[in-house]
Amino acid sequence: MTVQTPVKATERLNKVWARGKDFLGSELPIMCGAMTWISDPPLVSLMSNLGAFGVLAAGNMPPDLFAEQVDKTNDLTSKPFAGNVITIAPNYQDHLDILCAKKVSHIVFAGSLPRGAEIKKAKASGAKVLAFASTTSIAKRMISNGADALILEGSEAGGHIGHVSTMVLLQEILFNFPDVPIFVAGGIATGRMIAHLGLMGAAGAQMGTRFVVAEECGAHEKFKDVFMKARAREAISTPQYSTKLPVVSVRALNNHAMSHFGELQLELLEQLKDGSLNRADAQYKVEEYWIGSLRNAAVEGDVEHGSLMAGQSVGILDKVQPLRDILQDLVDEADQGLGQAIELMQGI
Ligand SMILES: Cc1cc2nc3c(=O)[nH]c(=O)nc-3n(C[C@H](O)[C@H](O)[C@H](O)COP(=O)(O)O)c2cc1C
């Protein structure tokens with residue numbers, strides 16, 4: 001295995017990115033968000049080895065397998081990376097215990113809101129904690145519960161999403177919590193955007209969709225091919241048909257799996273109505289559907305019947321590239337974007 005040289009930030013980017021770099025302990029404040037079935041040890045460690053920051057997805061994994069994946073990532077990199085735990089996953093507590101026991105440097109809580117005691121446990125292990133915040137009140141609660149940083153993820157993102165766009169979250173949360181490092185996600189695919197977010201006060205950025213098309217990403221070739229051809233408007237989000245079955249929206253490319261999800265919801269609602277299923281089991285079936293169908297597409301390559309979770313930025317992507325080239329492009333674009341902003345300021 002040839003060791004690739006890490007990508008370096010420029011001197012002026014270092015000034016804008018200082019807080020994010022310091023928080024992550026990386027050369028670039030650019031995170032590859034956790035992606036179930038996709039964010040495996042090779043991708044996570046390569047991100048970190050190249051100077052950015054990888055996030056390992058616990059997803060719905062059996063605890064033993066997750067522990068193995070943490071060890072494998074540690075074998076492949078000496079750089080910091082995070083573990084991402086989903087608070088609503090059946091093995092969530094075990095996943096959290098594994099990250100704490102193995103002293104992973106950063107823990108990202110995803111899914112619903114982590115309890116104060118869970119954040120405390122993560123911090124007691126020495127980890128820095130990142131939590132998602134989709135409203136001002138959640139941001140305040142996460143900070144008072146001890147989160148060290150926040151992730152804002154707008155509804156442009158791929159995967160499970162909230163209802164509010166990145167543009168609004170920036171104004172609602174980023175602008176109002178200047179003392180907390182905030183990483184922005186959802187719809188980002190260019191370095192220029194990352195530089196401008198830095199000027200707005202963001203500590204850094206998290207992307208998922210952009211990194212699916214890295215050459216080294218283990219997603220199936222057919223999955224990547226669809227990403228290459230897709231337009232932004234084809235990355236649609238799922239509706240919720242009834243408050244009796246609350247579902248977290250998923251953004252994915254429109255295909256049979258998306259329409260089948262509508263049918264599944266209607267079937268589950270029928271079963272809830274006739275009492276043959278309870279609400280907790282119905283919700284479990286919803287989540288199970290996505291995990292299984294993402295695997296079908298991303299691992300098996302069934303791009304018609306499997307889920308093609310993708311953000312709207314998929315429309316901007318047009319080539320599969322080595323990860324190092326993607327990161328270098330992001331840095332070059334960010335530096336250029338910063339240069340343009342500086343030029344503009346000089347005229348003021
Ligand atoms: C295929 C796919 C799978 C994802 N799986 C997860 C996951 O398991 N856990 C999680 O917290 N986020 C997940 N996400 C969200 C990403 O971590 C990231 O926050 C998101 O992709 C950022 O928005 P973008 O797609 O516009 O770059 C997933 C995203 C994609 C595209």
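I looked first at helix H2 (residues 41-49), which lies across strand E1 (30-32) and strand E2 (53-57). H2 runs at about 160° to E2. Axes here are lines fitted to C-alpha atoms, for helices over the stretch in contact, and angles run from 0 to 180 degrees between N-to-C directions. Contact between two residues means that their C-beta atoms, placed from the backbone, lie within 7 Å. Helices (H or I, at least four residues) and strands (E, at least two) are DSSP runs, numbered from the N terminus.

I noted the ground rules. The model is predicted, so local features need pLDDT of at least 70 and side-chain atom pairs count only at pLDDT 80 or more, while totals for chains, interfaces and linings use all residues. Residues are numbered from 1 along each chain as its sequence is written.

**Val55**

I picked Val55 in strand E2. Why does Val55 count as buried? Val55 has 25 C-beta neighbours inside 10 Å; a buried residue has 20 or more other C-beta atoms within 10 Å of its own, an exposed one 12 or fewer, and a partly exposed one a number in between, with C-beta atoms placed from the backbone. Leaving out residues up to four places away in sequence, I found that Val55 touches ten residues, including Met31, Cys32, Val44, Phe81 and Val108. I also checked Ile107, which is 52 residues from Val55 in sequence and 8.8 Å away in space, C-alpha to C-alpha.

**The barrel**

I traced a closed barrel of eight strands, E1-E2-E3-E4-E5-E6-E8-E9, with parallel pairing. The twist from one strand to the next averages 25°. Two strands pair if DSSP finds at least two bridges between them.

I then read strand E4 (residues 106-110), where five of five residues are buried. His106, Val108 and Ala110 point one way from E4, and Ile107 and Phe109 point the other way. Strand E3 (residues 82-86) pairs with E4 in the parallel sense over five bridges, and Ala82 stands opposite His106. On E4's pairing with strand E5 (residues 128-132) I noted four bridges, also parallel, with Phe109 opposite Ala131.

I followed the chain from E3 through helix H4 (residues 92-101) to E4, a right-handed β-α-β unit. Right-handed means that, with the strands pointing away from the viewer, the path from the first strand over the helix to the second runs clockwise. E4, helix H5 (residues 116-124) and E5 make a right-handed unit as well.

**E8, H8 and E9**

I moved on to strand E8 (residues 182-185), where Ile182 and Val184 point one way, Phe183 and Ala185 the other, and all are buried. Strand E6 (residues 149-153) pairs with E8 over four bridges in the parallel sense. The chain goes from E8 through H8 to E9 in a right-handed β-α-β crossover. E8 and E9 pair in the parallel sense over three bridges.

In helix H8 (residues 191-199) I listed the buried residues, among them Met193, Ile194 and Leu197. Their cover includes helix H1 (11-24), E1, E8, E9 and helix H13 (323-346). Just after H8, Gly201 takes a positive phi of about 115°.

**Around the ligand**

Which residues come nearest to the ligand? I found Gly33, Gly158, Gly159, Gly208 and Gly311, out of 27 around the ligand (C-beta atom, placed from the backbone, within 6 Å). Strand E9 (204-207) and helix H9 (209-212) are the elements that give two or more residues to this shell.
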